[in-house]
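I am opening a notebook on a structure that is new to me. I will write down what I look up, entry by entry.

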Amino acid sequence: MKIIRFQDHTGVVRYGEQVDEGSARLIEGTIFETYRVTDRVVPIGKLLAPVEPRNILCVGLNYRRHAEETGARIPEYPVLFIKAVNALTHPGDPIVIPKVAPGQVDCEGELAVVIGKPGKNIESHQAFDHVLGYTCANDVSARRWQKEGGGKQWSRGKSFDTFCPLGPCLVTPDEIPNPNTLKIKTTLNDETMQDSTTADMIFDVPSLISFLSEGTTLLPGTVILTGTPQGVGFARNPPVFLKEGDRVAIEIERIGTLVTPVSEEV
């Protein structure tokens, strides 16, 4: 099932099962506990990110070919950084390049995993029991702040407002029994930047959930960004960074396409 979060024509935020681009069957209850899909079909006023994250946990260098293109060593353990929840952006809303990061903002298409059931010290073979669903994400990154200006910690360069577009829908696990076989593609305007498959991940989804839950409770609503494939802008020659007027599309098989324009802070 494809679950969406949206505003109806009165501005009330609803959850629904997507029928088409303009309508949804209303969901009663909470998607993190007990809910049911009703027969009532309503128009979508504005599409929202499918969840409001409790935490945004991100994994770096998790695709072999991406590690190779950056000259990084294959990590022994998943590389964790945290993105602030203020970075959340709805489908169709712009990525805004901040004044403090001109000419250095990059995009990264990623598969996002949404936790639905809390868990701590989760075994890999039980990991899927804690998954609510999957969606597309863009790990937008201000490269200078990521590498130098953030004190060599990544979170600063990845946590500016609008730096985490999420959507367009949340696909339940029954439709994606194996999240490590999905095609993933990022397009900037008319140019394909990233074209890969989640099979290139160094650490698969169950391994990531297990690792991130070690000594740490994964709360319902936690969003896990699972890493990006090769083709990022800063690794190209010459580098390609986002600018006002650009259009970024993240497409993942069985989920859909997350589209965001780009603007600059005024």
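The entries below go from the whole chain to single residues.

**Entry 1: the whole chain**

I note at the start that this is a predicted model. I looked up the secondary structure and found four helices and 19 strands in the protein chain. I then took the box around the C-alpha atoms, which is roughly 55 × 45 × 30 Å along the principal axes. Does the radius of gyration agree or disagree with a compact globule? It agrees, because a compact globule of 266 residues would have a radius near 18 Å and the protein chain has 18 Å.

I checked burial next, and buried residues make up 52% of the 266 residues. I also looked at contacts between residues at least 6 apart in sequence, and 72% of these join residues at least 24 apart.

**Entry 2: surface and charge**

The exposed area of the protein chain is about 11,900 Å². Carbon and sulfur atoms supply 48% of that area. For charge, I found 27 positive and 34 negative side chains. The centres of the two sets lie 3 Å apart.

**Entry 3: the nonpolar core**

In soluble globular proteins, nonpolar side chains tend to be buried together. I looked up the largest nonpolar core here, and it has 66 residues. Which of its residues touch the most other members? They are Ile-209, Leu-242 and Ile-255.

I followed Ile-255 further, leaving aside neighbours within four places in sequence. Its contacts include Lys-2, Leu-111, Tyr-134 and Thr-135. Cys-136, Cys-169, Val-171 and Ile-176 are also in contact with Ile-255.

**Entry 4: helix H4**

Ile-209 led me to helix H4, where it is one of the buried residues. H4 covers residues 205-212 and is mostly covered, with six of its eight residues buried. The buried ones are Val-205, Pro-206, Leu-208, Ile-209, Ser-210 and Leu-212. What covers the buried residues of H4? I found that the cover includes strands E6 (56-60), E7 (79-83), E11 (109-115), E12 (131-138) and E17 (223-225).

**Entry 5: a buried lysine**

I turned to Lys-158, which lies in helix H3 (residues 155-158). Is Lys-158 buried or exposed? Its relative accessible area is 1%, so Lys-158 is buried.

I then listed what Lys-158 is in contact with, apart from neighbours within four places in sequence. Among the contacts are Glu-108 and Asp-139, both of which count as negative. Lys-83 and Arg-143 are also in the list, and these count as positive. The other contacts are Phe-81, Ala-87, Val-140, Ser-141, Gln-146 and Phe-163.

**Entry 6: Tyr-77**

Tyr-77 is in the loop between helix H1 (64-70) and E7. With a relative accessible area of 52%, Tyr-77 is exposed, because exposed means over 50%. Not counting residues up to four places away in sequence, Tyr-77 touches Phe-203 and Phe-211. I also looked up Ile-202, which is 125 residues from Tyr-77 in sequence. In space the two are 9.4 Å apart, C-alpha to C-alpha.

**Entry 7: Ala-199**

Ala-199 lies in the loop between strand E16 (191-197) and H4. Ala-199 counts as exposed, at 54% relative accessibility. Ala-199 and Asn-180 are 19 residues apart along the chain, and their C-alpha atoms are separated by 4.9 Å.

**Entry 8: cis peptide bonds**

I found a cis peptide bond from Gly-167 to Pro-168, with omega near 5°. Pro-168 is in strand E14 (residues 164-171). Another cis peptide bond joins Asn-237 and Pro-238, where omega is about 0°. Pro-238 sits in the loop between E17 and strand E18 (247-252).

**Entry 9: positive phi**

I looked up phi for Leu-61, and it is near 55°, a positive value in a residue other than glycine. Leu-61 is in the loop between E6 and H1. Its relative accessible area is 17%, and Leu-61 is therefore buried.

Asn-121 also has phi near 55°, again positive in a residue other than glycine. Its place is the loop between E11 and E12. Is Asn-121 buried or partly exposed? At a relative accessible area of 47%, Asn-121 is partly exposed.

Conventions:
Residues numbered from 1 in each chain as written. Predicted model: local features only at pLDDT ≥ 70, side-chain atom pairs only at ≥ 80, totals over all residues. Heavy atoms only, no water. Helix = DSSP H or I, 4+ residues; strand = E, 2+ residues; numbered from the N terminus. Rg over C-alpha atoms; globule rule 2.2 N^0.38 Å. Buried < 20%, exposed > 50% of the residue type's maximum accessible area, 1.4 Å probe, protein only. Contact = heavy atoms within 4.5 Å. Areas by Shrake-Rupley, 256 points an atom, 1.4 Å probe, with all protein chains shown as cover. Charge placed at Lys NZ, Arg CZ, Asp CG, Glu CD. Core = buried A, V, L, I, M, F, W, Y, C linked by side-chain atoms within 4.5 Å.
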